[in-house]
Amino acid sequence: MTKARRVGKVSSQGKWICDGEPKNNDQSYVGTGSHAPQENYGPDCSVCGLPREAMQKKTVMSGKGVKIPRFSLPILVAIALLVLLGGGVSWYLATRENQTQNQTQPVTDNGTPTPTSPSPQNSTALLSDTASPSNASLISQGEKILLDTTSAKQAGAAAFAQQDWDQAIAQYQQATTSDPNDPESKLYFNNAKARQIGNPLTIAVVVPITPSENEAKEVLRGVASAQAEFNASPTPANRLLEVIIVNDDGMGKTVSLAEDLIKFPPVLGVIGHGVDAGTRQAIAQYEKAGLAVLSPVSTNVTSDATGQSILKTISLTQQDQELLATYLQQVGETLANYAAQQSSPASVVVFYNSDSPYSQALNAQFTAALSQGKGKVVKTVDITANPSFDPAGEIQSATQAGATMAFLALSKNKVDTAIALAQANAAQAENPLGLIGGDELYNPTILIEGGDAIAGMVLAVPWSWQPNNAFAQEAAQIWRGRISWRTTTAYDATDALATALSQNPSRTGVYQQLNQGIPISGTAQDFNLFNQIPLVKAVPGSAGPTGSRYQFDPVQ
């Protein structure tokens, strides 16, 4: 991207305590209610968003001026990252049994975890050389290919492994020219340049390549864009950014991968990870080691007095789960309102899968919202209840029950069932049902394999492409196609982490910077998900994935 890299400022006012109750009787301060006392080091409370001065017993105002509060902006990179990692909002409902592991970790005098001090290591070493044997094949800095391969990429990997930086740069540059849409080649190209100069600033991005390759690519495009921008104007010490790609293959290796990253001294920060119980264990390990991680369960975005967005890390014990419950509620209400606009009162059949907490919650929130005078659910179908689930028979039964719309409240691993239902619906000779769904159906597969059957499908998503969005336009030129929120939020997270690195290139420094907050200009967080949820519709067009004649456009 072309914008200048930002260097944010952090608070130097020291520790302060917030309990959610303003102490100065100033009615302009509005929090989320009382909560357990929380230590803070930045300008705003990480739990309720109240500013530091709200805890002061007296507020001095001159003339007729009124002190302007700093409101918490509940646009969580957590929400966007959890979607970009392919998990929908299901992490909110995931097992919390490991959430308290970090409560006994050592802390410093200012209340932050005690960072570990790994022994020095050769800067030319590769993480895959020191990782556990079962994880080595899942990790690359450029020495192996984890995504689609070509002869140029293989040649680049061979040269990288031999530390032939000129050849690695040339081969990876050829690969990026041949396939501009491939983020892996661009990351390794910049990694090779960083290693050629020496002493790179190293971070890692953990993505689900094996279970969700398309989603992983969208994340990596955002990371690659931020890396390229950072390296175009390096630090005064001429240190370039290097990105390690880690494939969390969904085989229960999340914690061991985190341990490998912690034990590798060059890694100064981590982006990503998934949304399950294993992630919580991994986050607890990162916190204990003092290694900053921007993940679905450790990151949020607030705003300061001027409206500047601030990205901050939060510990597992500081999570405000109610924010995500509110997101689910807003999704349900948005889709219920849309259904009522199409047919008042709305008559809807809901398809969900009971093996997914996300799907169950989405079903419950939509049903509750629709019952508030907007319409009714005429039938609810658990697609996992019958091993011989019959999409055509269920669509016919729902139509006979009076349904005019179908809500596909399905998780991402049920995209094939969503397509089958859409095809069965389109095959009806008369009056096919209108189709609506949640963010986990925002998937290239549904556009490619759904064909004409998904025409007109409407989804509620955290962020939608807009034709007048400068970042989206520029990114579309770079990546030869539209980007999603997965790319925009990955860009924001990488940009924030790189900013922290430029200020204090050490694990301790990065951890403290992100704990206090890093200003970001932002790309996706301008959407207030708790006031509105963007809707997109599948329409004919050439901006969709290769092999599809459809694309998702904003519902105006």
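**Sheet order.** I looked up the seven-strand sheet in this predicted model. The sheet is open, and its order reads E11-E10-E12-E13-E14-E16-E17. Pairing is mixed. I then checked where the sheet ends. Strand E11 (375-382) sits at one edge and strand E17 (550-554) is the other edge strand; each pairs on one side only. From one strand to the next, the twist averages 25 degrees.

**Strand E10, burial.** I went through E10 residue by residue. How many of its residues are buried? Seven of seven are, so I note the strand as mostly covered under a cut-off of 20% relative accessible area. I split the strand by face next. One side carries Ala346, Val348, Val350 and Tyr352. The other side carries Ser347, Val349 and Phe351. Both faces are covered, and every residue just named is buried.

**Strand E10, neighbours.** I listed the bridges on each side. E10 and E11 run parallel and are joined by seven bridges. One pair I picked out is phenylalanine 351 with valine 381 of E11. The chain gets from E10 to E11 through H10, and this β-α-β crossover is right-handed. Toward E12, E10 again runs parallel, with five bridges. There, tyrosine 352 stands opposite alanine 409.

**Helix H10.** I asked which strands helix H10 (residues 357-370) lies across. They are strand E10 (346-352), E11, strand E12 (405-409) and E13. Against E10, the helix runs at about 170 degrees.

**E13 and E14.** I moved along the sheet to this pair. Strand E13 (residues 434-437) pairs with strand E14 (residues 458-460) in the parallel sense. Two bridges hold the pairing in the record of bridges I made. In one of them, glycine 437 has leucine 459 of E14 as its partner.

**Nonpolar cores.** I turned to the side chains. The largest nonpolar core has 44 residues. Which residues have the most contacts inside it? Val205, Val207, Leu241 and Ile245 do. I took isoleucine 245 and listed what it touches, leaving out residues up to four places away in sequence. The list holds Leu138, Ile139, Ser140, Leu146, Glu184, Leu187, Tyr188, Val205, Val207, Ile209 and Leu220. Val205 and Val207 thus appear in the contact list of isoleucine 245, and they are also among the residues with the most contacts inside the core. Apart from this core lies another, of 32 residues. Its members include Ala422, Ala424, Leu441 and Val536.

Definitions and conventions. Residues are numbered from 1 along each chain as its sequence is written. This is a predicted model: local features need pLDDT of at least 70, side-chain atom pairs count only at pLDDT 80 or more; totals for chains, interfaces and linings use all residues. Side-chain values use heavy atoms; hydrogens and water are left out. Two strands pair if DSSP finds at least two bridges between them. Helices (H or I, at least four residues) and strands (E, at least two) are DSSP runs, numbered from the N terminus. Axes are lines fitted to C-alpha atoms, for helices over the stretch in contact, and angles run from 0 to 180 degrees between N-to-C directions. Contact means heavy atoms within 4.5 Å. A nonpolar core is a set of buried Ala, Val, Leu, Ile, Met, Phe, Trp, Tyr and Cys residues joined through side-chain atoms within 4.5 Å. Buried means under 20% relative accessible area, exposed over 50%, partly exposed in between (1.4 Å probe, protein chains only). A crossover is right-handed if, with the strands pointing away from the viewer, the path from the first strand over the helix to the second runs clockwise.
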